[in-house]
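Here are a few exercises to work through with the model open in your viewer. Try each task before you read its solution.

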Amino acid sequence: NSPKKNWLRDDDPYFPCTAFGDKYQRGCWLNQAARIFQMYQGDIKKTAQACESIGNNLYVEWCFDNLARQLHPLAENNLDRVFEMCAQLEDKWREGCIIVNAGAYYSVGGRQEGITICKRLTDGAKSFCYERIIGQIMNDTITGDIKKEMCNLLETPFSARCTSILGQVI
């Protein structure tokens, strides 16, 4: 006799988020795409469609953030694969997916890979990407000298901004 698992439903991609109160919505939707992705056997487009159909714009954003984070390990350290997988999303989500992956690379020890992803983006997205990376550099547990080295790896004018913020933090 196996225990009943009523915290998931095979016919409802939004459960259990729909059963939780407001207090838990952010945490739930920031993880729900993993369940949706699993339900749709790793189909990025179907998962994206499910996220898009949630109905609450904030929940949709959180769902897409989680979908992007699901793609990170699937890229298997192949940065081209990040761009290929994120390209399966609609235009309005594509660059955000790539930026989330840049941050994911940085946070799990792929600092240079995160920066390389930012360098490959268009100007508008590049700015958002570097802001994310700069924030991660500032919060990183590495020494101030290594943080300065990381800042120097960024493109102009982002390297100067990073160094300036670092000077205020140290």
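**Exercise 1: a helix pair**

In which hand of crossing, left-handed or right-handed, does α6 pass α7? Work it out on this predicted model, then describe the rest of the packing.

*Solution.*

Step 1. Start with the hand: the crossing of α6 past α7 is left-handed.

Step 2. Now get the geometry. Two packed helices are described by the angle between their axes and the distance between the axes. Here, helix α6 covers residues 111–119 and helix α7 covers residues 123–139, and their axes come within 8 Å, crossing at roughly 160 degrees. Angles over 145 degrees count as roughly antiparallel, so α6 is roughly antiparallel to α7.

Step 3. List who does the touching. On the α6 side you should find Gly114, Ile115, Cys118 and Lys119. On the α7 side, look for Lys126, Cys129, Tyr130 and Ile133.

Step 4. Sort them by class. The contact of α6 with α7 comes out as five nonpolar residues, one polar and two charged.

**Exercise 2: a bond across that pair**

Which cysteines of α6 and α7 form a disulfide, and how far apart are they in sequence?

*Solution.*

Step 1. Go back to the contact residues: Cys118 of α6 and Cys129 of α7 are among them. Their sulfur atoms sit 2.0 Å apart, and the two form a disulfide.

Step 2. Count along the chain. Cys118 in α6 and Cys129 in α7 are 11 residues apart, and the pair links distant parts of the chain.

Step 3. Check the torsion: with -80 degrees about the S-S bond, the link of Cys118 and Cys129 is left-handed.

Step 4. Finish with accessibility, where the cut-off for buried is under 20%. Cys118 has 0% relative accessibility, so Cys118 is buried. Cys129 is also at 0% and therefore buried.

**Exercise 3: the full set of disulfides**

How many disulfides does the structure hold, and what pattern do they follow along the chain?

*Solution.*

Step 1. The count is five disulfides.

Step 2. Number the bonded cysteines along the chain, and the pairing reads 1-2, 3-4, 5-6, 7-8, 9-10.

Step 3. Take one of the five, the disulfide between Cys51 and Cys63, with an S to S distance of 2.0 Å. The torsion about this S-S bond is about -60 degrees, so the Cys51 and Cys63 disulfide is left-handed. Cys51 belongs to helix α2 (residues 44–52) and Cys63 to helix α3 (residues 57–74), 12 residues apart. Cys51 is buried because its relative accessibility is 0%, and Cys63, at 0% as well, counts as buried.

**Exercise 4: from α8 to α9**

Which helices hold Cys151 and Cys162, and are these cysteines buried or exposed?

*Solution.*

Step 1. Find the bond: Cys151 and Cys162 are joined by a disulfide, S to S 2.0 Å. The torsion about the S-S bond is about -60 degrees, so this disulfide is left-handed.

Step 2. Place the two ends. Cys151 lies in helix α8 (residues 144–153) and Cys162 in helix α9 (residues 158–169), so the bond ties together parts 11 residues apart in sequence. Both cysteines are buried.

Step 3. Now look at Ser159, another residue of α9. Leaving out residues up to four places away in sequence, Ser159 touches Cys151, Asn152 and Leu154. Its relative accessibility is 14%, so Ser159 counts as buried.

Definitions and conventions
Residues are numbered from 1 along each chain as its sequence is written. This is a predicted model: local features need pLDDT of at least 70, side-chain atom pairs count only at pLDDT 80 or more; totals for chains, interfaces and linings use all residues. Side-chain values use heavy atoms; hydrogens and water are left out. Axes are lines fitted to C-alpha atoms, for helices over the stretch in contact, and angles run from 0 to 180 degrees between N-to-C directions. Helices (H or I, at least four residues) and strands (E, at least two) are DSSP runs, numbered from the N terminus. Angles under 35 degrees count as roughly parallel, over 145 as roughly antiparallel, 65 to 115 as roughly perpendicular and the rest as oblique. A crossing is left-handed if the near helix is turned anticlockwise from the far one by less than a right angle, and right-handed if clockwise. Contact means heavy atoms within 4.5 Å. Ala, Val, Leu, Ile, Met, Phe, Trp, Tyr, Cys and Pro count as nonpolar, Asp, Glu, Lys and Arg as charged, and the others, Gly among them, as polar. A disulfide is a pair of cysteine sulfur atoms within 2.5 Å. Buried means under 20% relative accessible area, exposed over 50%, partly exposed in between (1.4 Å probe, protein chains only).
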